[in-house]
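Reader: I've got a chain I'd like to get a feel for before I go back to the bench. Can you walk me through it?

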Amino acid sequence: MDMEKKFVVDTNVLLKKPEVLQQYNCVILSHVLREIEKHISNKDKPELAFSARKARNAIDECRGKVEMYLYDYHCRIQDFDDNYVDNKILQFCIDKKYGIITEDILLRLKCEAWNSEYGHDYGAIDILEIGSNEEEYKGYLELTSDEDVAKFFESGGRDCKHNVFGLNQNQYLIVQPTFTLNGERSGKAREVLKWSNGSYKPVTQSGTPATNHFTSFKPKDIYQQCALDSMMFNKITMVHGTAGTGKSLATLSFAWSLVEKESEFHKLIIFCNPVASNNSARMGYYKGDRNEKLLKSTVGTMLGSKFGSLKAVEDMINDENSKLMLLPFADIRGFDTTGMKAIVWIAEAQNLDIELMKLGIQRCGEDSKIIIDGDFSGQVDMNVYSGSNNGMRKVSEVFREEDIYGQVELPIIYRSKIAKIADRM
């Protein structure tokens, strides 16, 4: 691709994948800005308003990189309605010989028809499609419509031996989840199943037992239940979701319950890439050895909150018979877990690019289990780890059809009402 090529970004892309502003030479028209502003004030569709605010913030972060065209543009193509924003975008691209980034099928078809009719000598348009109109892969399919639920039961329900909904291996099927009056998920469902080896398997994970450090962990919803099921039965599991959904607590409770009793796994190894939070001030170098520095990172803070204190975590790490190990990606090359019977937890994995993620997974031997957690949609702290270069996204693309892999998005925030409201910012 010509890296100097400029692309006009359609509204639908900014709402779903604002990270494209970091990846391409983008132009935003005044018409698109007005649509974003209109969606921000949409009180009837809070999820759309939330996406619009994220798009606005992404535009603000890219000031100086993104070109703004603040004048109203008009469509001059004969018989094309000038009141239609897509036609104005098309006219602008024809005049400027810019490309279009869009997920709008009708706009794409219109662009392709223009190219086909007029050819490259008449302001032809290069179209860059970002993904598809399918939703981000979550590791499960929810049947919410009466038609889909009826289709499930008419095909035999949990006894059906046909992959009616085209699920990947180890993908979960959540049948008829119920919702509260304000439209939020309740976490209840009529059926929670997993497609595995040609049939549906019921998901029955009730939680993890208490350990010396943690009380028993009971899943609060069907999504956490699926995450525990995947951790138990799959070689590699990705758990992702926004802050406060229970990713770290579920992972640590599960892993520690197995490591502490030394049944199949004897050690928990945490791979981490200490990165300061996005837009935060750097505090310079920390004193101390590797473990002391890691404990002062976001991963150390998280472990301290879960185990009760940083001192407790430090004592466990320094114990000669320690079941806990922290390893930064800076020191990971050449490491091999073979023979260690380890659970490898790749924590805060949204801050890994494809090469780092590949390096981490390749460290793991046959006697290890891998759990990857993070939020690649909302908590990426450096642009180099965002968008198509994000390691978590690539893992999902490469592994989702493998029989050793499971993935679950946790959508419900439990930390506090404050945290839930803050997620809209």
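Reader: How do helix α11 and helix α12 pack, roughly parallel or roughly perpendicular?
Author: This is a predicted model, and in it α11 spans residues 298–307 while α12 spans residues 310–318. Their axes sit 7 Å apart, at an angle of about 100°. An angle from 65 to 115 degrees counts as roughly perpendicular, so α11 against α12 is roughly perpendicular.

Reader: And how many charged residues are in the contact of α11 with α12?
Author: On the α11 side you'll find G300, T301, L303, G304 and F307. From α12 come L310, A312, V313 and M316. The contact of α11 with α12 splits into 6 nonpolar and 3 polar residues, and the number of charged ones is none.

Reader: What about α3 and α4: oblique or roughly perpendicular?
Author: Helix α3 covers residues 30–40 and helix α4 covers residues 46–61. They pack with axes 7 Å apart and an angle of about 135°. Over 145 would count as roughly antiparallel and 65 to 115 as roughly perpendicular, so this pair ends up oblique.

Reader: Is the crossing of α3 and α4 left-handed or right-handed?
Author: Here the angle of about 135° goes with a handedness as well. For α3 and α4, the crossing is left-handed.

Reader: How many charged residues are in the contact of α3 with α4?
Author: Helix α3 brings L33, I36, H39 and I40 to the contact. Helix α4 answers with L48, A49, A52, R53, A55, R56 and I59. Sorted by type, the contact of α3 with α4 has 8 nonpolar residues, 1 polar, and a charged count of 2.

Reader: Let's move to single residues. Is D375 buried or exposed?
Author: D375 lies in the loop between β14 (369–374) and α14 (391–399). Its relative accessibility is 6%. The cut-off for buried is under 20%, so D375 counts as buried.

Reader: How far is D375 from H240 in space?
Author: In sequence, D375 and H240 are 135 residues apart. Going C-alpha to C-alpha, though, the spacing in space is 5.3 Å.

Reader: Which residue has a positive phi in the loop between α9 and β11?
Author: That loop runs between α9 (247–261) and β11 (267–272). The residue there has a phi near 50°, and it isn't a glycine. At 39% relative accessibility it counts as partly exposed, and its name is E262.

Reader: Where is E348, and what is its relative accessible area?
Author: You'll find E348 in the loop between β13 (342–346) and α13 (354–361). E348 isn't a glycine, yet its phi is positive, about 50°. It counts as partly exposed, because its relative accessible area is 27%.

Reader: Which stretches have pLDDT under 50?
Author: The chain averages a pLDDT of 83, and 84% of the residues score at least 70. Where pLDDT is low, the predicted coordinates should not be read in detail. One stretch under 50 has 8 contacts beyond four places in sequence, and another has 17. In that order, they are residues 119–124 and residues 129–134.

Reader: Zooming out, what share of the chain's residues is buried?
Author: The chain holds 15 helices and 15 strands. Among its contacts between residues at least 6 apart in sequence, 69% join residues at least 24 apart. Out of 425 residues, the buried share is 50%.

How values were computed
Residues numbered from 1 in each chain as written. Predicted model: local features only at pLDDT ≥ 70, side-chain atom pairs only at ≥ 80, totals over all residues. Heavy atoms only, no water. Axes fitted to C-alpha atoms, helices over the stretch in contact; angles between N-to-C directions. Helix = DSSP H or I, 4+ residues; strand = E, 2+ residues; numbered from the N terminus. Parallel < 35°, antiparallel > 145°, perpendicular 65-115°, else oblique. Left-handed = near helix turned anticlockwise from the far one by under 90°. Contact = heavy atoms within 4.5 Å. Nonpolar A, V, L, I, M, F, W, Y, C, P; charged D, E, K, R; others polar. Buried < 20%, exposed > 50% of the residue type's maximum accessible area, 1.4 Å probe, protein only. pLDDT = per-residue confidence, 0-100.
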